[in-house]
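Biologist: I'd like to learn how to read a structure like this one. Could you walk me through it?

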Amino acid sequence: MTRCPPRVSSRWLAQLLLLAGFMPPCAATDEARWSQARKALLAEIQRDAAATADSTGRARFSARVIAALDAVPRHRFVPASQAGSAYDNRPLPIGHGQTISQPYIVALMTELLAPEPGDVMLEVGTGSGYQAAVLAELVARVHTIEIVEPLAGAASERLRQLGYNNVEVRLGDGYHGWPEHAPYDGIIVTAAADAIPPPLIRQLKPGGRMVIPVGAPFFAQDLILLEKDAKGKVSTRSVLPVAFVPLTGDR
Amino acid sequence: MGRREHALLALSVGLLAGAALAYQVLLFRLLAIVQWHTFVATIVSLALLGHGAAGTALALAGKRLLPRFGSFYAGSAALFAVSAPACWALAQALPFNGLELVWNPLQLAWLAGYFLLLSLPFFFAACCFGLAFMHARERIAVLYAADLIGAGLGAGIATGLLFLLPVETALRTAAIAGAVAASLPPAPRIARLALPAAALIAIVLLPRPWLAPQITEFKGLPRALSVIGAEVEAEYSSPYGLLTTVRNKTIPFRHAPGRSLTATSEIPEQLAVFSDGDAMTALIAWDGRRESLSWLTETTSALPYQLLGRPRVLVLGAGGGAEVWQALYHDAWEVEAVEINPAMLMLLRASLHDPRVRFHQGDARGFVQSDRGQYDLIQVAPLDSYGGSGAGVQAMAESHLYTVEAIADYYARLAPGGLLALTRWVKEPPREGPRLFATAVAALRALGIDPGERLAVIRGWQTSTLLVSNGDLSVADIGRLRAFCETRGFDPVWFPGIGREEANRSHLLPRPWQHEAAVALLGDHADRFLADYKFHIEPATDDRPYFFHFFRWSLLSELIALRGQGGLTLLDTGYLVLVGTLALAAPLSLVLVLAPLAALGRRPGNRSRLRPGIYFLCLGLAFLLVEVACMQRYGLFVGQPLFATVAVLSGFLVFAGAGSLMASRLRDHARALRWAGGGIVLMLLLQVAALPPPPGIVESMPARVILTLVLTAPLAFLMGMPFPLGLSRLAAESPAFIPWAWGINGCASVLSALLADCWQCTWDSGQC
């Protein structure tokens, strides 16, 4: 079921109404309003990208990534009670202690994976399926693994309904990766574990990239970017998504 | 009222006070399980405003209630009994998610719902006390004594019950005590029998799952349980916390914090242990093969073993035992493992059999202060969760593990050439790392040692390990450190002679902030660096043990501007929540105190209303302020914070109750008050100047608990006198003002506890 998108200006009121269990009546202009909210969000994401350029090395996110975010209806990936906040630039709870990442972080992670049209990607931690859908807009095939059964089922069904035929969802242990489709051009590990599973590094193509967000749910997610060069040598770095320097002055 | 009725009323007040304090103690435990640390004290403090609200309600309506005192007393006590478990069940059903607070201010509404619901039982209990004071006003001091002694015993008994019963069963027990209290005082039969009976039935009928803690879904345990194949194996509940063991054969746990990115070894089967639904640690089911422990060489905490041969090791905070296994893998001569939670220690003992290991139950600081051993290595593992550490949810948690004095204590136990290794989570931009370094520098300087030659730090992508050496680090040591970093993909942050280019090679950061901080902290302008750093990273001390409190007000505007990028989450919300709580509690208290004044009108004889108001306000503020200060000061002395807290809390209340009884027997109230006042000042000066004694003075922990009781008893005894003396006088002059004074006392206690925390932290940040 599609809920009515609120106007940006009335977002707060809409949240209050949603909280009270009151849903505004739907109209034919739904899609137009969702689209308008999405456009506003994308503009905000580009502003954040510019602000964090020093740390991320990207002053603007590429047109392809932005177009992918514009194509995916995020409101279909959040619980109905959260639909009014679907295009707020913030993480939202999706049940089972999991969240759908902040859109700006999704954009940044996607950008860091440097997706190409022919790529094959692996995702560990499907969650709502939103990240997989964004990647599916950009690459040839996405394989995604989820360890929470109801989430895997819901994401699989949702992606099928939205016509993402190039995404395959599997319920199981992400630690071992998905060797049948390896090697991968890019791997994203959203189910942050204590360690990066060695099998995943093995399943990454030379020249491939792995992105791992770390941190508590709802909190600023530092990203770890792992790169495997053409000779198979691995290097890592932290990409901080917040333009914040703890030291003052010129030290 | 006859003697018998008076005695029964006093007994009822005592029983109800005990039940109410037990409810408070149990709330702390329940909330610690289901919520994040920050919100526990906040919710309980605000709920305690129910006391103040009761005073207000009685001041407004008390006169109309008094003619039917018995019925109203029994009704209110019965309502306490039912609402204590029922409101808890309702509160935990609210969809409050504290982690979302910075993103979604609507969460504040749920938070308010939480504390309003939980304040109801306090309201009903305090109504009973206020009614009793108004009803038997010539015997206020005796009733007040019963209230205090009952509360003191209630705190002790509740803590004891937590060793024996699941926390929800303990809550039901406290509620039943409340129902019994409702049946004691004289009242019409229908009220005295029917109401408590109805309450009892309701309490017994409440389904257990409604009362059992339902942990917020974002804590580690529920998340682990949502994974296919996860099964709870056992639960161990005690005042130290709720331990839950989880096994997963389908998707095994592979807990290896701080492991190198280049690690390739497999991790053996683990049994996960969650403490209060979070802070996971893992017990290892060792298969007897040496190579199945080799992953323990792949963490930053393995660094000290590169510099030592066959060391005598002390592990502080053994948890699931990873650091103990690590020591055994590295051929440790002997290992002493200290763990505070007896249930955790039992699990560890059952999983690890090696004649070289000796286990000790106790607090890390307490152990080090009373121990006489000499160690080649002291390992302090991070005991909190990685996620929790980043979320700043424990910002207001006291930690005596990471203070200047703590490091000096550890250092004193090192053999010549021995190493102290402290491992913490890595967070960017760095906060904990620079603070720990600053703390170690301060500790060494205080001992007259040049810190630069004796410190080394390395970092991985997830953890960072600081070494403090009892002897200058040699060229060979540094060679081994470099080689270890090279093979494991770690980066050196500091060692004597490090170059800047060495500090950011393997896991690249935008800038080697930790290294820059180390250089600055060892340099001539360390003070300026500390002052300029955007987070508050001054060394933590035993007086201000807020290691996780990094907040500065100057951060607020900058991070609000970065909220789109998630900047606000870099704030340690703990401090802000505390300030917000105080900002809410103060005006609420003011309303509660001022509202009844209009209805009460003037006092007979045109006496001042201000003087008694200020008198009871100051008493309320002082009582809790002194109590909180004593808890903190005697915590380190006893060496087991839990026992210190219970001893001071219970002891204070019981001895103050005795003081109140004493006051009831004195004829000359004015003179008694002067003597009590003088005595309190004297005792306070004594506490500040000479107490508590150094922990080494008595060997055994129970003896230190008894000594704590003895040393605080005179102060508590005297502090029990001013309140009933003042209230008796008020009862004689203007009895209508009794509930008002009672309410002021309730509000002041809440503000006092909040102020104590706020004040310390604000002072700590140099912001006052």
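Biologist: Let's begin with strand pairing. Which residue stands opposite B:Thr245 in β3(B)?

Modeller: Good place to start, and keep in mind that this model is predicted. B:Thr245 faces B:Val273 in β3(B). That pair belongs to a wider match: β2(B) and β3(B), residues 270-275, are joined by four bridges and run antiparallel.

Biologist: How many bridges join β1(B) to β2(B)?

Modeller: Eight bridges link β1(B), residues 230-238, with β2(B), again antiparallel. One example is B:Tyr236, whose bridge partner in β2(B) is B:Leu243. Follow the chain from β1(B) to β2(B) and you pass through a hairpin of two residues.

Biologist: Why is β2(B) described as largely enclosed by the rest of the structure?

Modeller: To judge that, count neighbours: a residue is called buried if 20 or more other C-beta atoms lie within 10 Å of its own. In β2(B), residues 241-248, six of the eight residues are buried, so the strand is largely enclosed by the rest of the structure.

Biologist: Now helices, please. How do I describe two that pack together?

Modeller: Two packed helices are described by the angle between their axes and by the distance between those axes. Take α6(B), residues 140-164, and α27(B), residues 722-733: they pack at an angle of about 145°, and their axes are 9 Å apart. Their crossing is right-handed.

Biologist: Which residues in α6(B) meet α27(B)?

Modeller: On the α6(B) side, look for B:Ile140, B:Ala141 and B:Tyr144. Across from them, α27(B) offers B:Phe723, B:Pro724, B:Leu727, B:Ser728 and B:Ala731. Sorted by character, the residues of this contact are seven nonpolar, one polar and no charged.

Biologist: And between chains? How many residues of chain B are in contact with chain A?

Modeller: The size of an interface is often given as the accessible area lost when the parts come together. Here we can count residues instead: 47 residues of chain B are in contact with 47 residues of chain A. On the chain B side, the elements giving two or more residues are α10 (220-225), α15 (386-391), β13 (507-508) and α19 (513-522). The largest share, four residues, comes from α15(B). That side of chain B divides into 25 nonpolar, 13 polar and nine charged residues.

Biologist: Which strand of chain A is joined to β13(B), and do the two run parallel or antiparallel?

Modeller: Strand β9 of chain A, residues 234-239, is joined to β13(B) by two bridges, and the strands run parallel. To find the spot, look for A:Arg237, which stands opposite B:Leu508 in β13(B).

Terms used. Residues are numbered from 1 along each chain as its sequence is written. Chains are lettered from A and ligands numbered from 1 in the order in which they are written. This is a predicted model: local features need pLDDT of at least 70, side-chain atom pairs count only at pLDDT 80 or more; totals for chains, interfaces and linings use all residues. Two residues are in contact if their C-beta atoms, placed from the backbone, lie within 7 Å. Ala, Val, Leu, Ile, Met, Phe, Trp, Tyr, Cys and Pro count as nonpolar, Asp, Glu, Lys and Arg as charged, and the others, Gly among them, as polar. Two strands pair if DSSP finds at least two bridges between them. Axes are lines fitted to C-alpha atoms, for helices over the stretch in contact, and angles run from 0 to 180 degrees between N-to-C directions. A crossing is left-handed if the near helix is turned anticlockwise from the far one by less than a right angle, and right-handed if clockwise. A residue is buried if 20 or more other C-beta atoms lie within 10 Å of its own, exposed if 12 or fewer, and partly exposed in between; C-beta atoms are placed from the backbone.
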